[in-house]
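Here are a few friendly notes to help you find your way around. Please keep the viewer open as you read.

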Amino acid sequence: MESWPWPSGGAWLLVAARALLQLLRADLRLGRPLLAALALLAALDWLCQRLLPPLAALAVLAATGWIVLSRLARPQRLPVATRAVLITGCDSGFGNATAKKLDAMGFTVLATVLDLNSPGALELRACCSSRLQLLQMDLTKPADISRVLEFTKVHTASTGLWGLVNNAGQNIFVADAELCPVATFRTCMEVNFFGALEMTKGLLPLLRRSSGRIVTVSSPAESVKDVHQWEERKQQLLATLPQELLQAYGEDYIEHLNGQFLHSLSQALPDLSPVVDAITDALLAAQPRRRYYPGHGLGLIYFIHYYLPEGLRQRFLQSFFISPYVPRALQAGQPGLTSARDIAQDQGPRLDPSPTAQ
């Protein structure tokens, strides 16, 4: 096999000069991520020289360097100018923090809140500029949606509407589907799905005219952070649950679920900036991503969810997020009951013991 000489010192000097020019054009931030990336590329260069033919090594090193450095480069941003953005769910959380940041950047912000006198709404009114407009809206009420849509059309007639951030969401489930009333699911869908759909459909003509952006936030961290409210919901569930379901699942099972919710809340990070930065990038990046996974390790979680086999996914979730616990009727030592209906029909001893479901 014919061998190719590794590039000479002069050739490497030319390659280094070109790489430096690319770094300057890429507008990279000098910090630990960049230094780690350069160290990785140096190690990869050392391995390539010893394990691969020169041309193949050069191709691998160039491709890896382009991928790594392009991920670290700050994306090109569009100017804020007079852009207007509507954000739903600004009473607290991501919506509230995003409204503050966009207002500080010079956006005209239309922020919807459930209550104009909520602490979050009062905070926005006190700390933001006069450009920010607070709008009361309940996404389960068509009249509120229509009023906000009409206000937005009138208020952005001269500037146009650049962005819609569907941030409002609701998560009020405290137990398994069988234990929750159907009305709970309907309310959740009205806010999280149909509400966002109506806002998007209603504002699409304005967004199409401005070639604007639609950002939809999907996150369980829009759930209630007040521990006392979760306790109240648990007590309400126990008080209204039919006796046969309470017998099938057991009060200890519901207590366990509530403990998992409280544990998740205790693990939540108070810093919302990764999400706010992702929303800002989606609105202003010259080439925005289709999906954003803000937060440390979140990209890995989605990779495991989408690409690993079912068995490994379940093992991962149970190891890090879901503490395995089964309802009383399915616990070892119990009869082979799988539903509340089985419990109601179970009378008298069985001749043959049923296998225990795990």
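1. Which strands does helix α7 (residues 182–210) lie across? Helix α7 lies across β1 (84–87), β4 and β5, touching them in the sense that heavy atoms come within 4.5 Å. Its direction is at about 175° to that of β4, where angles run from 0 to 180 degrees between N-to-C directions and axes are lines fitted to C-alpha atoms, for helices over the stretch in contact. Helices (H or I, at least four residues) and strands (E, at least two) are DSSP runs, numbered from the N terminus.

2. A word on the source: this is a predicted model, in which local features need pLDDT of at least 70 and side-chain atom pairs count only at pLDDT 80 or more, while totals for chains, interfaces and linings use all residues. Residues are numbered from 1 along each chain as its sequence is written, and side-chain values use heavy atoms, with hydrogens and water left out.

3. Now the sheet. Five strands form an open sheet in the order β3-β2-β1-β4-β5, with parallel pairing; two strands pair if DSSP finds at least two bridges between them. At the edges are β3 (133–136) and β5 (213–216), each pairing on one side only. From one strand to the next, the twist averages 15°.

4. Look next at β4 (residues 163–166), which runs parallel to β5 and is joined to it by four bridges. Asn 166 has Thr 216 of β5 as its bridge partner. Helix α11 also packs on the sheet, touching β1, β4 and β5, and its direction makes about 160° with that of β5.

5. Helix α6 (residues 142–155) packs with α7 at an angle of about 20°, their axes 10 Å apart. That makes α6 roughly parallel to α7 (the term covers angles under 35 degrees). Among the α6 residues that meet α7 are Ile 145, Val 148 and Leu 149.

6. The axes of α4 (residues 93–105) and α11 (residues 273–284) come within 9 Å and cross at roughly 50°. The two helices are therefore oblique to each other, a class for angles that are not under 35, over 145 or from 65 to 115 degrees. Phe 94 and Met 105 are among the α4 residues in this contact, and Val 275 and Leu 284 among those of α11.

7. Finally, a salt bridge (a side-chain nitrogen of Lys or Arg within 4 Å of a carboxyl oxygen of Asp or Glu) joins Arg 131 and Asp 103, at 3.7 Å from N to O. Arg 131 lies in the loop between α5 (119–127) and β3, and Asp 103 in helix α4, so the pair ties together parts 28 residues apart in sequence.
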